[in-house]
Amino acid sequence: MKLKGQDLPVALLSKLKGLEQLDLSGNMLQELPRKLALPSLKLLDCSNNDMEDVTSLEDLGSLEELRLEDNLYLTVNDEHKVMFLLPKLRMFNGKDISSTANHIRYVSSEILRKRVIGVWEKEFSLPDPLTTQSLAAVEKKFVNAACFQVKYGPSSLNDYTKWRVEMIAKEYLKSLTDPGEKEEDGTPVTPVSNCGTVLSPSKRKHCDLGSNGETESPRKRRTINDAAVPEASPRKSSRLTNVATTEASPRKSSRVQSTSQESNSNLSSPRKIVMNRCSAAEPSPRKSSRLQDTPQKPTNATASPRKAWAFETQKNNTKDQPMTQQGKHTATPKKTEIRTSRKATKHEVPQKPASLQPLHVLQCHSKEDSPEDFSTQLWACAFEPVQDTSDASGWVQTVATCGGESVCIIDCESGHVLKKYKVPGEEFFTLAWTTLLMSREGGCARSCTILAAGGKRGMVKLIHPRVNLAYGEFRASRRAIATLRFSPRHPSFLFTGAYDNKIVMWDIGGLDRDYNFKTSQLLVLEAGSVPLHLCLPPSSPDTHLISGCEDGLHSFDIQLSKNTQKRSGEMEIVFPVYKKKDKKNDYRTIDGLSFLTDDIIASKSHMQGSIYLWSWSSTRTSRQGKKKEVPAVILAELQWSRTDIPYLSLNTCPGFGYVVCGDESGRLWTYHITDLVRSNYKNGKPVAATEVLEWPSPVRPGVGPVEGPTINSVAMDPELHYLVALSDKNMAVVWKRASE
């Protein structure tokens with residue numbers, strides 16, 4: 001019947017007081033309507049739906065049997081929630097769960113209750129005077145402290161544990177303030193006084209998935225062991241510092257040289273850092289040496305109620321000047337593909353620039369989840385795509401980040417880490433999102449938002465975050481993977497650029513209900529050097545691919561209708577900065593590349609000190625015959641930092657006409673590109689940045705302000721609600737556009 005939640009008439013159904021069995025299987029329900037009163041209902045079948053939330057089942061307290069099979073997005077956490085919420089439930093998915101359910105309802109709940117009370121007695125007391133506002137503040141801190149500190153059961157149940165801990169903490173605090181109230185076990189509670197304070201613990205969901213269920217062992221980014229993992233091709237010798245007994249990492253190894261450590265299998269929450277208002281009055285000049293101090297554990301009583309380290313957001317930003325601030329590879333039953341037709345889009349760019357304010361600074365890729373880790377480099381971030389408003393697989397304001405051995409899924413508004421995936425010994429350099437079709441019973445298919453991530457092992461990990469599953473992997477190269485890019489026209493087509501100087505086009509196909517998939521290699525492109533960035537022209541994603549490489553920017557013909565399955569570059573686009581070539585630099589390393597419109601590309605070279613805006617179509621048209629080198633048709637040049645640090649990538653937001661690139665001091669150079677800006681451009685005089693967002697000066701408790709790190713990567717969502725910047729010091733900064 002394909003019923004959705006809004007199709008169920010609550011008032012009408014609630015009149016069926018004697019209804020004992022209800023079959024809602026084979027529909028498209030994401031949750032049951034709230035306040036559905038069916039006091040006699042004993043059996044409910046919601047199998048083969050799209051259920052995402054089970055808490056609405058709480059209203060059906062008389063249920064004794066429940067079926068929820070074939071609901072793609074439900075996890076073991078939801079099963080535990082169901083067993084707790086339904087006190088009479090005996091049969092779940094055809095199995096007797098009486099013993100397990102009683103353990104969850106009574107034994108586990110009592111253990112959690114005692115631990116929550118322990119947090120209160122150790123660190124909290126009731127406010128004096130007791131006001132609604134002060135009580136709300138204490139409740140917020142207490143709940144988040146309990147969620148952060150109380151650990152119980154395996155990491156796969158973190159979501160359920162935090163859900164129950166939050167519930168217990170609120171009930172306990174209510175019992176303290178209202179002597180007539182009793183806790184869930186019916187025992188009156190005597191108020192407990194305490195003179196302690198609480199740090200701001202983090203309230204985040206995170207789940208660890210090793211590649212084979214192994215115990216995760218964090219490593220520092222440093223070497224690539226030829227025996228254990230494929231050796232990564234080193235960057236140019238002038239940018240690498242080698243240690244006598246180790247081999248340099250393929251990326252900025254000269255910035256961090258560390259030794260491997262063994263890991264604690266228990267994952268603690270990522271940290272936030274305090275943003276200091278008083279230090280925001282003047283910019284902090286960058287010192288010659290990077291931050292080397294070992295941070296102390298936070299002891300600040302004013303810390304944020306949610307995270308282990310708190311934030312205070314700067315508000316003195318000014319514009320136009322610097323501011324102070326595994327699965328088997330078996331074939332699917334049938335090949336499925338989503339083919340997106342894309343027309344050239346002309347974005348209506350707002351004439352007024354956006355106002356961005358720092359919202360969170362997160363440490364979520366720490367080795368051993370330590371707040372003292374300021375060395376893990378973060379390399380890539382990308383917002384999850386939302387296909388349309390009805391696509392339940394797209395989370396609003398969700399960004400994926402990678403660095404070290406982990407990939408994180410972060411909610412930008414709250415700063416919570418929704419999911420976290422670890423692969424022991426891996427060094428993730430790149431990631432990319434796509435949407436694939438999963439075949440289901442009855443011949444229908446459901447779209448799933450999939451994340452691909454790759455790094456020094458040369459393996460591509462395939463992750464379905466919504467169901468907390470790293471379902472497969474395949475080897476893309478014997479060397480490290482530098483970049484990934486999915487085709488917008490054929491979402492199952494994945495391009496991988498690796499340190500073997502090759503770009504490979506893969507078809508990873510669709511999925512069956514058991515997450516079986518099959519990969520096939522479609523095309524091999526000889527890049528001649530390491531491909532750092534890949535772009536597909538929005539107007540012709542089936543015919544051309546543009547790659548920013550170590551030795552230049554190259555265009556490739558990727559039409560599959562041609563027989564040649566191994567190809568070299570069709571042409572090389574050259575830039576005016578190449579004329580500055582000297583003994584130290586040839587300016588050919590293209591470490592920033594992104595389309596601003598369907599035709600305009602933003603790119604930059606290492607040590608260029610500026611960013612070019614140039615026309616893809618005009619450049620192609622200007623090519624004479626089969627000439628290999630073609631000068632780029634420059635439309636504008638944007639002034640940027642004169643740093644010698646390589647691989648600081650830029651990004652664009654076509655909907656807002658924005659180009660953003662971080663620098664070596666933690667700043668973000670933002671450019672609002674309008675028709676007026678391009679028309680006023682004169683050769684030889686770069687356009688100044690619209691605004692330079694200063695490093696927000698977070699403070700390490702007991703140590704002081706954190707010096708601005710190098711910003712390796714940035715990402716913006718299509719509506720520019722959020723901007724995320726990743727640093728080489730294990731800090732991810734979330735900026736938010738101020739509402740007008």
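Buried means under 20% relative accessible area, exposed means over 50%, and partly exposed lies in between, with a 1.4 Å probe and protein chains only. The exercises below use this definition.

This is a predicted model, in which local features need pLDDT of at least 70, side-chain atom pairs count only at pLDDT 80 or more, and totals for chains, interfaces and linings use all residues. Residues are numbered from 1 along each chain as its sequence is written, and side-chain values use heavy atoms, with hydrogens and water left out.

**Exercise 1. Classify V659 as buried or exposed, and describe its surroundings.**

Step 1. Locate the residue: V659 belongs to strand β32, residues 658–662. Helices (H or I, at least four residues) and strands (E, at least two) are DSSP runs, numbered from the N terminus.

Step 2. Apply the cut-off: V659 has 0% relative accessibility, so it counts as buried.

Step 3. List the contacts, where contact means heavy atoms within 4.5 Å. Leaving out residues up to four places away in sequence, V659 touches L596, A602, L613, L638, N651, T652, W669, T670, Y671 and I673.

Step 4. Compare sequence with space: V659 and I611 are 48 residues apart in sequence, and their C-alpha atoms are 9.4 Å apart.

**Exercise 2. Do the same for L545 and G497: in which strands do they lie, and what do they touch?**

Step 1. L545 is in strand β22, residues 544–549, and its relative accessible area of 0% makes it buried.

Step 2. Among the residues that L545 touches, beyond four places in sequence, are F495, I503, L525 and F556. S487 is 58 residues from L545 along the chain, with 9.9 Å between the C-alpha atoms.

Step 3. G497 is in strand β18, residues 493–498, and is also buried, at 0% relative accessibility.

Step 4. Beyond four places in sequence, G497 touches I481, A482, T483, K502, I503, P531 and L534. From G497 to L484 there are 13 residues in sequence and 6.4 Å from C-alpha to C-alpha.

**Exercise 3. Describe how helix α2 packs against helix α3.**

Step 1. Two packed helices are described by the angle between their axes and the distance between the axes. Axes are lines fitted to C-alpha atoms, for helices over the stretch in contact, and angles run from 0 to 180 degrees between N-to-C directions.

Step 2. Read the values: α2 (residues 76–85) and α3 (residues 98–123) pack at about 80°, with their axes 9 Å apart.

Step 3. Name the arrangement: α2 is therefore roughly perpendicular to α3. Angles under 35 degrees count as roughly parallel, over 145 as roughly antiparallel, 65 to 115 as roughly perpendicular and the rest as oblique.

Step 4. Find the residues: H80, M83 and F84 of α2 meet T100, A101, I104, R105 and S109 of α3.

Step 5. Ask why α2 is largely enclosed by the rest of the structure. Eight of its ten residues are buried, so the helix is largely enclosed. The buried ones are N77, D78, H80, K81, V82, M83, F84 and L85, and they pack against β3, β4 (91–92), α3 and α5 (158–177).

**Exercise 4. Find where the backbone has a cis peptide bond or a positive phi.**

Step 1. Recall the background: most residues other than glycine have a negative phi, and most peptide bonds are trans.

Step 2. The peptide bond joining D128 and P129 is cis, with omega about 5°. P129 is in the loop between α3 and α4 (132–149).

Step 3. N48 has a positive phi, near 55°, and lies in the loop between β2 (43–45) and β3 (65–67).

Step 4. D369 also has a positive phi, near 55°, in the loop between β8 (356–363) and β9 (378–383). D369 is buried, with a relative accessible area of 5%.

**Exercise 5. What is the mean pLDDT of the protein chain, and where is pLDDT below 50?**

Step 1. pLDDT is the predictor's confidence in each residue, from 0 to 100. The mean for the protein chain is 78, and 74% of its residues reach 70 or more.

Step 2. Over residues 252–269 the pLDDT is below 50, and this stretch has 61 contacts in the model beyond near neighbours in sequence. Residues 389–395 are also below 50, with 25 such contacts.

Step 3. Draw the consequence: where pLDDT is low, the predicted coordinates should not be read in detail.
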